[in-house]
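Welcome! Have the model open beside you, try each exercise yourself, and then compare your steps with the worked solution.

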Amino acid sequence: MNLPKIKAKQWAYVGGIALLAGAWAIPVGPKTPPESVTMPPAAGKQVVEAPSTAPEPSREAIRKHIVVAGDTLIDIAQHYGIDIETLMAANPGVSELIHPGDELVILPRKGVIYQVDTGDTLWDIAHAYGVQVETIKAANDKNSDDVAVGEKLFIPGARWARANTAVARSSVSRFIWPTRGEISSPFGWRWGRLHAGIDIANDIGTYVMAARAGRVIWAGWRGGYGYTVMIDHGGGYVSLYGHLSDYFVERGQYVRAGQRIASMGNTGNSTGPHLHFEVQKDGQPVDPMGLLP
Ligand SMILES: [Zn+2]
């Protein structure tokens, strides 16, 4: 039976992904026996049907190196043509001391592995590492912009030095405006009580977007707030969107920053169409103006 050439390429491609997926699960250490670094083509059933215009595989498979006596990290990095930062970034449990039998993950090229944290978006990650979203998607064979908490992404070209700081440190600046309109009431004391958010007035039905990526923890009626959505962004941050006329998310759902979640309304204790936008940090309301660009 004759397979067209493109088909054979796709098989090898899927084989590489399978090996990659396996590599994440392998702890660095001497416990597991050495395995072959090559994988046979995946069985026919595992081949995902792809259009003939599917891009070429964007990388080679991630490999493993079993440390032998006398190996040093620098030797290993040089052997595989990567730098030592890349080698160490891929093996966070490994210090300068390596032992015969240790298994090291060898990335196919310079870069780091980033584990997606709560609230991260692909844009945040790309921005933090100074690489294009499309570059990350291609390197990880992703078709979608969605990322899942805990997902490990290979960031080609990124340097280890930035790996641990870049994304986490940029979290505060990650809020975006949740809607368009006029600020009709600021954060602060009004009529003897704290107005715990800002009011943004516009027409009923104006789009309301998630101000930052996160997980929906409330979607429904909430007393004086009327129809309300609340999103947990991690790091102690929760945002609240009140007086909505309608909402399009449900509790537990993960949303991206800028994703439309609701429509502006006039429900609950509201004197006119507006969005009440509130941000809490560790349970305390903070002025959203200090977080918005
Ligand atoms: Zn308000």
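Between which helix and which strand is the place of Asp 141?

**Exercise 1. Locate Asp 141 and describe its backbone and its exposure.**

Solution. Before starting, keep in mind that this is a predicted model.

Step 1: Look between helix H5 (133–139) and strand S4 (152–156); the loop there holds Asp 141.

Step 2: Turn to the backbone. Asp 141 is not a glycine, yet its phi is positive, at about 55°.

Step 3: Decide on exposure. The relative accessibility of Asp 141 is 26%, and partly exposed covers the range between 20% and 50%. Asp 141 therefore counts as partly exposed.

**Exercise 2. Do the same for His 243, and say whether it is buried or exposed.**

Solution.

Step 1: His 243 belongs to strand S12 (residues 237–244).

Step 2: Its phi is positive too, at about 65°, although His 243 is not a glycine.

Step 3: The relative accessible area of His 243 is 5%. Buried means under 20%, so His 243 is buried at its 5%.

**Exercise 3. Find the residues that hold the zinc ion, and work out their spacing in sequence.**

Solution.

Step 1: List the donors. The zinc ion is coordinated by His 195 through NE2, by Asp 199 through OD and by His 276 through ND1. These distances run from 1.9 to 2.1 Å.

Step 2: Write the donors as a pattern along the chain, which gives H-x3-D-x76-H.

Step 3: Check for burial. Both His 195 and Asp 199 are buried.

**Exercise 4. Describe the largest pocket: what is its volume, and which residues are closest to its centre?**

Solution.

Step 1: The volume of the largest pocket is about 540 Å³.

Step 2: Its lining has 19 residues, and Arg 190, Arg 193, His 195, His 243 and Asn 269 are the closest to the centre. You have met two of these names already: His 195 is a zinc donor, and His 243 has a positive phi.

Step 3: Sort the lining by type. There are four nonpolar residues, 11 polar ones and four charged ones.

Step 4: Link the lining to the secondary structure. At least two lining residues come from each of strand S5 (182–185), strand S7 (193–195) and strand S16 (274–281).

**Exercise 5. How many residues of helix H4 are buried, and which are they?**

Solution.

Step 1: Helix H4 spans residues 122–129, and six of its eight residues are buried, so it is mostly covered.

Step 2: Name the buried ones: Leu 122, Asp 124, Ile 125, Ala 126, Ala 128 and Tyr 129.

Step 3: Look just past the end of H4. Gly 130 follows there, with a positive phi of about 70°.

**Exercise 6. Compare three loop residues: where does each one lie, and what is its relative accessible area?**

Solution.

Step 1: Gly 70 sits in the loop between strand S1 (63–66) and helix H2 (73–80). Its relative accessible area is 67%, so Gly 70 is exposed. Gly 70 and Ile 98 are 28 residues apart in sequence, while their C-alpha atoms are 9.5 Å apart in space.

Step 2: Gly 268 is in the loop between strand S15 (260–263) and S16. With a relative accessible area of 29%, Gly 268 is partly exposed. Gly 268 touches residues including Trp 221, Tyr 225 and His 243. From Gly 268 to Gly 242 it is 26 residues in sequence and 8.3 Å in space, C-alpha to C-alpha.

Step 3: Met 264 also lies in the loop between S15 and S16. Its relative accessible area is 0%, so Met 264 is buried. Met 264 and Ala 201 are 63 residues apart in sequence and 8.5 Å apart in space, C-alpha to C-alpha.

**Exercise 7. Step back and describe the whole protein.**

Solution.

Step 1: Count the secondary structure: seven helices and 17 strands.

Step 2: Consider burial. The protein has 293 residues, and 43% of them count as buried.

Step 3: Look at the surface. The accessible surface is about 15300 Å², and carbon and sulfur atoms account for 56% of it.

Step 4: Finish with contacts. Take those between residues at least 6 apart in sequence: 63% of them join residues at least 24 apart.

Notes. Residues numbered from 1 in each chain as written. Predicted model: local features only at pLDDT ≥ 70, side-chain atom pairs only at ≥ 80, totals over all residues. Heavy atoms only, no water. Donors = N, O, S within 2.8 Å, 3.2 Å for Na, K, Ca; no water. Buried < 20%, exposed > 50% of the residue type's maximum accessible area, 1.4 Å probe, protein only. Helix = DSSP H or I, 4+ residues; strand = E, 2+ residues; numbered from the N terminus. Contact = heavy atoms within 4.5 Å. Areas by Shrake-Rupley, 256 points an atom, 1.4 Å probe, with all protein chains shown as cover. 1 Å grid on protein atoms, 1.4 Å probe; cavity = no way out; pocket = protein on both sides within 12 Å on 5 of 7 lines; lining within 4 Å. Points joined across faces, edges and corners; volume = space filled by probe spheres on them. Nonpolar A, V, L, I, M, F, W, Y, C, P; charged D, E, K, R; others polar. Lists of a residue's contacts leave out its neighbours within four places in sequence.
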